[in-house]
Amino acid sequence: MMNLTKLISSASSSSAASRSKTLISSSSSFLNRSFSTDDSKVLTIETSIPFTAHNCEPPSRTVETTEKELLGFFKEMALMRRMEIAADSLYKSKLIRGFCHLYDGQEAVAVGMEAAITKKDCIITAYRDHCIFLGRGGTLVEAFSELMGRRDGCSKGKGGSMHFYKKDSGFYGGHGIVGAQVPLGIGLSFAQKYNKDEAVTFAMYGDGAANQGQLFEALNIAALWDLPAILVCENNHYGMGTAEWRAAKSPAYYKRGDYVPGLKVDGMDAFAVKQACKFAKEHVLQKGPIILEMDTYRYHGHSMSDPGSTYRTRDEISGVRQERDPVERIRKLVLAHDLATEKELKDMEKEIRKEVDDAIAQAKESPMPEPSELFTNVYVKGFGVESYGADRKEVRAVLP
Amino acid sequence: MAKSVKELGKKWMISSFNKRGFSTDCSTLKSSSSSSSTVEKQSGKTVNLFTAINQALYIALETDPNAYLFGEDVSFGGVFRCSTGLADQFGSKRVFNTPLCEQGIVGFGIGLAAMGNRAIAEIQFADYIFPAFDQIVNEAAKFRYRSGNQFNCGGLTIRTPYGAVGHGGHYHSQSPESFFCQVPGLKVVIPRSPKQAKGLLLASIRDPNPVIFFEPKWLYRLVVEEVPEDDYMFPLSEAEVIRHGSDITLVGWGSQLAVMEQACVDAEKEGISCELIDLKTLIPWDKETVEASVRKTGRLLVSHEAPVTGGFGAEISASIMERCFMRLEAPVARTCGLDTPFPLVFEPFFMPTKNKILDAIKATVNY
């Protein structure tokens, strides 16, 4: 079972950089605090609502977890929430350039999915990618550095907000064009099947992308060849500024695969997501693709240039916050199981806030990439065309 | 909705089809555009580029009941506010949101236009036009030719914001115009200012050929200009000399012209007299105006944001070399984007800035 210590230690071993040391020490000291968590004690939790299935038997509503996992969920989701809020203010103070799409409200999907799978499984998503990256074991410093286009970023500062990647833990990243990542994900799953990896690919897309033609092309291929692909539709109900019902004849995205089974999941409930992903992984390894529709919500607008309030009411947003918020749901569960007091959780959030602030400070220290990086990675060096000249406007073919 | 659109189309098609210039000749267009010189003198409000586009769309919808406006988030005003208020004014049957599917949007537009309507499609960013590339290149551009003129989608205009904004990163900054300049059957139009945008957009919408209208998104809010409130058009495929000079000819389009203008001003301080031409329409382009200017100056510089290799500057350079070889005093200079993907933090290095242009002007004049 994945927990926070593992998450962070795997990140540090992979990034092998001293910069994450402060992060680890601060969080490990924090985990050493005397919460009465027991890794072996199994808790059973009922999902918020039953799963709705299409062409398959839905999994049980009863989810098994441990005290440690439950508390870990809280910590991770609170961290993601805080990171996104901090990114919001960094964008507004013009430290983040480019386009920036925030994940707050949808954290349960990232956390629940990770809890059900391993790093051998692949994830590929669109541009709302910060929290998926964190879930895959990325560090805050890498995330903030990338957001600000710095050298220590997970894509060396060359990608920015929409292009986070983490190859060592199977995160095939952040893609800019709506829907374009799904066929790529199908390609990944073919390689996994061909190599007999016994691993699966989660290809994530939004309700807006669900109407792209290439999605159906990819789905047909996946079903035709029984590929271990899980199409995860993160339905936050708005494709940019357009409500799902204005854009989709059938907003029941889990049914839109027709011959491909589907499952509708409460994407605000991390345990429902975990259960669904566990179920889906077993399913696709035997029977080919499945669609998981995660019913979720984004609190922010589509991107930072969208206030998010012109096409929906403020009441709607605050209603979701009050009744379905994924972090609050976990907070209630922690309190109900007496794993921590309200004050302890507040303190935890304070520490998270500090952790995020420290990471931002560290990321700000990271230098911009070397100007020569503008010309690298366009082609493989020595194997094709390279740029020359004072302003590099001359291009010559170079044979290896 | 599609059904009612069709019905509306049918109803109006009969009544007003004859009035519209849906044929290969442009006589109606020309007569309207010739009156534009008188319109120019009339005063209008000072507005920015997106408001000018909004005015043009308003007029296009008002003057032609068979005109439709659609695209992602269009009925809420669009991400750049170009279609603000139009859905309220003309109703959700004529101004509507589409699902998020560019190929579908353009294909739908071609069909709508093939029934004799004016389909004004919006692709939210030019960077997103590639899923629709097949529809534009293989369906729209060749419809008239391959059907022996039985069918066409001349009523189709695709509006899309292009170019850098200072911080757009990889997928909100590209200038893909040259991809479409190799497609006979299409027209590619790029305005430089609010007044130009209104006149050229109306001309594009009413042109009997499919047009891709690239809007310089950097200028949407940045540039203000007095724009006549009337219905006026500027002719397509007609370049404009916007600054007269004798030592070197500069050719550009869209937002790059503002940068080139600054370079011209700086060059003048050093005693170099530059002539600046706004090409406005990239295909079919006005070779004569550029040729006449180069015959006068003997030197040419082309500048655009798109990467230099295979950019439209290459075509201009080659054509002028063919036409003015004996008159050229120096090789044609190209100051363009670099041959890299559009960068995130290195945008200032990538861009063909004023100083790069100034250097190239000097190098060409002193060749």
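Reader: What is the phi of A:Gly149, just after helix 6 of chain A?

Author: A:Gly149 takes a positive phi of about 70° there. This is a predicted model, in which local features need pLDDT of at least 70, side-chain atom pairs count only at pLDDT 80 or more, and totals for chains, interfaces and linings use all residues. Residues are numbered from 1 along each chain as its sequence is written, while chains are lettered from A and ligands numbered from 1 in the order in which they are written.

Reader: What makes a run of residues a helix or a strand?

Author: Both are DSSP runs numbered from the N terminus: H or I with at least four residues for a helix, E with at least two for a strand. Counted this way, chain A has 13 helices and 13 strands, and chain B has 16 helices and 14 strands.

Reader: Why is helix 6 of chain A called largely enclosed?

Author: A residue is buried if 20 or more other C-beta atoms, placed from the backbone, lie within 10 Å of its own, exposed if 12 or fewer do, and partly exposed in between. In helix 6 (residues 140-147), eight of the eight residues are buried, so the rest of the structure largely encloses this helix. Among them are A:Glu142, A:Phe144 and A:Glu146. For chain A, 54% of the 400 residues count as buried.

Reader: What makes a set of residues a nonpolar core?

Author: Its members are buried Ala, Val, Leu, Ile, Met, Phe, Trp, Tyr and Cys residues, joined through C-beta atoms within 7 Å. The largest such core has 222 residues, and those touching the most other members include A:Met77, A:Leu292 and B:Ile361. Helix 3 of chain A (residues 67-92) gives the most to this core, eleven residues.

Reader: Which residues does A:Leu292 touch?

Author: Contact requires C-beta atoms, placed from the backbone, to lie within 7 Å. Leaving out residues up to four places away in sequence, those that A:Leu292 touches include A:Ile230, A:Tyr254 and A:Ala280.

Reader: What are the domains of chain B?

Author: Domain 1 covers 2-228 and domain 2 covers 240-365, with bounds from an automatic or database domain assignment. Contacts link 23 residues of domain 1 to 21 residues of domain 2. On the domain 1 side, strand 6 of chain B gives the largest share, three residues.

Reader: What is the make-up by class of the side of domain 1 of chain B that touches domain 2 of chain B?

Author: That side has twelve nonpolar, eight polar and three charged residues. Here Ala, Val, Leu, Ile, Met, Phe, Trp, Tyr, Cys and Pro count as nonpolar, Asp, Glu, Lys and Arg as charged, and the others, Gly among them, as polar.

Methods
Contact = placed C-beta atoms within 7 Å.
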